[in-house]
Amino acid sequence: MIRIQNVKLFYHYKLIMNLTFKINIMKTFPIYCLLLLLVLNVTSFAQDDANKNKLRKALKVAETYLDLEEYHYVEEEMLEAVKYAPDNILCNYYLGISIYNDLTKNRVDALPYFQKVYDNDPNFRQVGYWLGKTYQMAHQFSQAGEMYTLEKKKLRSFTPEQRQDEAKIVGYVNVTLDELDRYIDQCHRGPVFMANADNKNLLNLSLANTYLPDITPIITVDGQKLYFTSHRQDITSHHELDPHDQLPYQDVFYMERREDGFWSTPKPFSEINTEEHDAAIALSSDGEQLFLYRSVGASTSNPGDIYEVNDYSGKWSNPKPIEAPINSSALETHMSMSADGKVIIFTSNREQDDAHGGMDLYIIRQLPNGQWALPQNMGDKINTELDEESPYIHPNGKTLYFSSQGHHSIGGFDVFKVDIDLKTGDLGEVIQLNYPVNTASDDLFYVMSADGLESYFSSVREEGMGGYDIYCVKNNESNERSVSFFDLKFETEDRRNVDVLVKLINVKTQEVEKEQVLRANRGKLEWMHRCNDKYALEVYAEGYLLKTDRFDFTAINKPTVNIEETYTLQRIAANRSEPLMNIYFDEDQTINMSTSSSELKALKRFIEENDDYSIEIVGHSNYNPEKSNLVLEFISKTKAMETLDALKTIGISEELLVNENVGYGIRYPKYLPNSPKAWKNDRMEYIIRPKGYTKLASRASDCSVSNYDTSTYVLRDAEVVDDVVKVNKKSISHLLSELKQCSFLELVISTDADQNYLDVSNEVFAYFEKNGIPREHLTLQIEDGADLAMRLRYKNPDDYKITYGTVAVVKPLREEDLNDGEIAVVNPTPSNQSIAVNDTNPESKKSLQTVAITNEKEDLVFEKEIEDMTIIFPFNSTEFGNSEDATLQKIKDYLNANLSKSLKITGHTDNSGPEIYNEYLGMERAKSVAYFFRDIENPNRIYVASKGEKEPMVSNDTRKGRKQNRRIHFKFGVVTEGDAK
């Protein structure tokens with residue numbers, strides 16, 4: 001306190017001394033002082049008068065420009081005026097209006113000038129209205145609401161005469177009570193709206209933005225280029241200023257996506273920019289047609305039209321008015337074209353009976369003859385009495401984005417979206433996008449990338465670089481989709497030009513999203529569609545097999561996908577087959593009826609329309625290093641059983657189905673393991689069979705080794721895969737004849753690990769199947785460096801070890817009395833068979849011995865009991881019924897309780913029939929029992945083998961002996977490295 005008092009005393013003393021000095025001077029020099037004071041006062045008054053005159057002149061100039069709405073000149077005058085008249089109410093008022101309307105400024109920058117006016121005179125002109133607008137732009141909704149309410153109260157107090165006088169004042173805004181009510185309502189809703197903001201990342205696209213307006217972003221469908229419109233003065237562009245707003249003329253610029261995902265520096269689109277205003281507003285889906293808004297004359301005060309330019313092999317044409325009947329004497333500012341180019345939505349303020357006021361959205365469609373229909377107003381679900389602007393049809397063809405001042409906007413233009421059927425014009429619910437897209441400012445020109453990951457729009461914001469900037473929102477929406485360009489051709493094998501119905505179905509929703517009828521062998525189907533997850537393709541043609549395909553966009557995992565396929569339709573005939581690509585299963589191999597519904601119904605319709613045949617269902621697997629080939633075969637067999645049951649469940653008669661559960665695992669791949677399409681190996685398949693078909697029907701009686709051709713035939717190349725049979729017709733026909741004479745022969749095709757060779761192999765296999773050779777007689781061997789060749793051979797049991805799988809003969813040679821009795825369990829004298837798991841590996845033997853030593857006594861007893869038993873099969877059968885399920889369940893429980901244990905199952909036969917067939921039959925018996933253990937933990941611990949007739953338990957000379965030799969044998973071992981997946 002003392003210190004503060006001393007400071008005050010010091011300044012008090014100094015003031016007194018200064019006054020004393022002045023008095024003494026005046027006493028000493030009275031005349032000089034009087035003259036000096038007089039000069040000072042005259043100068044001061046002269047300066048004040050000059051400033052007042054200068055201010056009056058500046059205000060008059062500002063008012064002239066206010067009437068012309070040329071706000072940049074108002075701002076220029078008033079910024080100078082506030083330097084010498086900082087407290088002048090009118091000067092601050094005009095400056096606030098000019099800044100609020102300056103295209104290069106943020107409207108919130110006007111707030112301090114209006115606040116100064118309000119502080120001096122709360123009732124000055126329309127200061128309450130202007131303060132309300134700027135507070136609202138700053139999202140200070142409470143203060144904005146108060147200002148609007150005060151302005152409303154003042155407006156209500158005016159008489160009609162006072163309102164007329166008020167309207168004559170320069171800078172007056174004709175705001176009505178209804179408009180003030182709307183603004184007040186926006187302020188009431190504003191806080192709730194902002195509280196429900198989306199958790200999305202908003203970025204100022206700084207490379208594209210300047211202090212000048214940057215607007216109308218347009219992103220290409222592939223997401224690699226972004227066009228936009230800017231007033232910037234690029235070094236290569238003209239430097240003239242528009243006399244209306246003193247801004248550089250608009251030009252079109254573009255940025256390209258770099259390898260790191262970011263945008264490159266903007267470049268002027270010099271091929272189309274002119275000396276006048278050029279604004280890009282829309283782009284066709286193929287990127288070859290750009291639409292522009294161009295003013296008429298040399299000023300933005302004049303109305304403009306929509307023009308188009310076309311890319312002809314990299315060279316852009318001169319702009320010309322759009323061909324569609326859009327342009328009129330009214331103002332058309334913006335448009336968007338659908339992905340197929342058949343629908344345009346545009347904005348216009350044309351006056352007609354169905355117009356709603358201001359700018360409305362109109363829709364125009366292309367007629368079948370290529371002409372355009374007349375524009376139609378989109379109605380009151382879209383259009384309001386206020387302005388609607390910047391329509392954007394998303395590439396999915398189902399969503400329309402647009403900006404509107406109505407529809408419960410919280411200020412200015414807000415962005416809305418609505419589901420739309422472009423064919424019928426039917427509209428869903430209009431939905432307002434959340435913050436950070438929408439604010440109380442104008443939010444316009446919204447576009448979303450085709451994959452849904454990014455959105456771009458223009459807005460004026462506090463964080464902006466001045467005026468309208470382009471912003472990017474990184475969407476975290478769950479419906480991220482790939483933009484897919486389908487280029488599909490459909491041919492018939494007999495070249496008949498039949499009608500083909502094609503459907504594209506969303507597997508998750510089972511909704512048909514695309515559908516088209518076209519003629520086979522003529523033209524092609526071209527779709528652009530936004531896809532995610534899995535989609536099914538169904539192809540129908542009368543008299544031809546049902547064909548399906550699957551597009552898994554989770555596996556493709558690209559934002560833009562080009563799908564080019566040619567599908568050949570097969571005539572309906574016995575032994576022909578097609579994949580069923582859209583039968584889906586849960587993790588436990590239970591069929592998912594929901595996602596499989598469309599395919600099951602399509603197959604049901606096909607089967608019932610072709611009831612002269614039976615349908616066999618078989619399963620296939622994809623490569624999986626975590627599962628053994630045997631396990632994959634079991635999985636595919638389970639899926640076949642599930643599919644067969646599902647078809648029965650939906651009402652297909654059993655007499656139309658082959659009641660077999662066949663799974664081939666990875667024996668017949670369509671694609672190599674390293675192929676991007678390898679996932680398509682995991683499929684079901686239907687095969688056309690004669691009525692009453694059974695798997696065990698014999699095809700021939702007998703043949704001998706010396707009677708078949710052992711030559712190797714190298715397959716000659718064909719220009720297309722479909723011609724490979726034609727090119728190799730002679731050798732293929734010869735081998736086909738050989739196969740038909742002997743039921744113990746198989747065709748082996750060896751090939752290098754090459755996808756084209758695999759395609760050729762499958763084409764040859766398909767030919768043999770169509771000509772009556774069962775699939776089980778067709779074997780594929782894939783070996784690095786192997787020639788593409790085919791040969792005949794007897795079945796070799798070692799082929800079961802081939803990595804890519806092979807198939808053995810399934811037909812028995814001859815019949816024998818089947819009344820040998822039911823399955824029986826016998827306990828013969830223990831054999832001296834050694835453990836078959838890694839017999840040659842000393843480490844494995846040592847491991848097995850260690851386990852045996854540490855096992856509990858009861859485990860060893862149980863293992864010995866199981867190894868000493870056999871399961872007996874009827875003659876020529878692989879089915880053992882369920883009489884031994886209790887014993888098998890005990891084995892399963894033991895394996896689940898002892899995860900280090902493996903089980904080998906060996907099949908045996910009697911000596912009836914050829915040795916090669918008995919090898920196969922023994923293997924099938926082992927698999928039949930092994931299938932019971934398919935769902936144990938780590939089923940890779942199950943092994944199968946066949947001894948055929950080589951190791952009889954007793955003599956085959958008697959019927960009783962042969963019966964006991966039709967058996968399987970169990971042997972426990974330990975899990976080897978690589979099996980415990």
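**Sheets, helices and a few odd spots**

Trainee: How many bridges join S1 to strand S21 (residues 469-474)?
Mentor: Strands here are DSSP runs of E, at least two residues long, while helices are runs of H or I, at least four long, and both are numbered from the N terminus. Two strands pair if DSSP finds at least two bridges between them. S1 and S21 run antiparallel, and the bridges joining them number 4.

Trainee: Before we go on, what kind of model is this?
Mentor: Residues are numbered from 1 along each chain as its sequence is written, and side-chain values use heavy atoms, leaving out hydrogens and water. Local features need pLDDT of at least 70 and side-chain atom pairs count only at pLDDT 80 or more, though totals for chains, interfaces and linings use all residues, because what we have is a predicted model.

Trainee: Okay, back to S21. Which residue there is the bridge partner of asparagine 201?
Mentor: Strand S21 covers residues 469-474, so look along that stretch. The partner of asparagine 201 in S21 is lysine 474.

Trainee: What is the strand order of the open sheet that holds S1?
Mentor: Go by the pairing, which is antiparallel in this sheet of 4 strands. Read across, the order is S1-S21-S20-S19.

Trainee: And which are its edge strands?
Mentor: Look for strands that pair on one side only. Those are strand S1 (201-204) and strand S19 (443-448).

Trainee: How much does that sheet twist from one strand to the next?
Mentor: Angles are taken between N-to-C directions and run from 0 to 180 degrees, using axes fitted to C-alpha atoms, which for helices cover the stretch in contact. For this sheet the average twist is 25°.

Trainee: There's another open sheet, with S24-S23-S26-S27 in that order. Which strands are its edges?
Mentor: The 4 strands of this sheet pair in the antiparallel sense. Pairing on one side only marks strand S24 (511-519) and strand S27 (547-552).

Trainee: Which residue in S26 stands opposite valine 502?
Mentor: Strand S23 (residues 499-506) and strand S26 (residues 534-540) are antiparallel and share 6 bridges. Opposite valine 502 in S26 you'll find valine 539.

Trainee: Which helix packs on that sheet?
Mentor: Contact means heavy atoms within 4.5 Å. The helix touches S23, S26 and S27, and its direction makes about 10° with that of S26; this is helix H11 (residues 593-609).

Trainee: How do H4 and H6 lie: parallel, perpendicular or oblique?
Mentor: Under 35 degrees counts as roughly parallel, over 145 as roughly antiparallel, 65 to 115 as roughly perpendicular, and the rest as oblique. The axes of helix H4 (residues 89-100) and helix H6 (residues 127-137) come within 11 Å and cross at roughly 40°. That angle makes H4, relative to H6, oblique.

Trainee: Is the crossing of H4 and H6 left-handed or right-handed?
Mentor: A crossing is left-handed if the near helix is turned anticlockwise from the far one by less than a right angle, and right-handed if clockwise. The crossing of H4 and H6 is left-handed.

Trainee: Which residues of H4 make the contact?
Mentor: On the H6 side you have Val127, Trp130, Lys133, Thr134 and Met137. On the H4 side they are Tyr93, Ile97 and Tyr100.

Trainee: H14 passes H15 too. What is the handedness of that crossing?
Mentor: The axes of helix H14 (residues 729-741) and helix H15 (residues 755-770) come within 11 Å and cross at roughly 45°. H14 and H15 are therefore oblique to each other. The crossing is right-handed.

Trainee: Which residues of H15 make that contact?
Mentor: H14 brings Lys729, Ile732, Leu735, Leu736 and Leu739. Their partners from H15 are Val764, Tyr767 and Phe768.

Trainee: Is histidine 188 buried or exposed?
Mentor: Histidine 188 sits in helix H9 (residues 177-195). Buried means under 20% relative accessible area, exposed over 50%, and partly exposed is in between, using a 1.4 Å probe and protein chains only. Histidine 188 has 59%, so it is exposed.

Trainee: Which peptide bond is cis, with omega near 20°?
Mentor: Check the loop between strand S18 (431-432) and S19, where proline 436 lies. The cis bond runs from tyrosine 435 to proline 436.

Trainee: Last one: what is phi of histidine 407?
Mentor: Histidine 407 is in the loop between strand S16 (399-404) and strand S17 (414-419). Its phi is a positive value in a residue other than glycine, near 55°.
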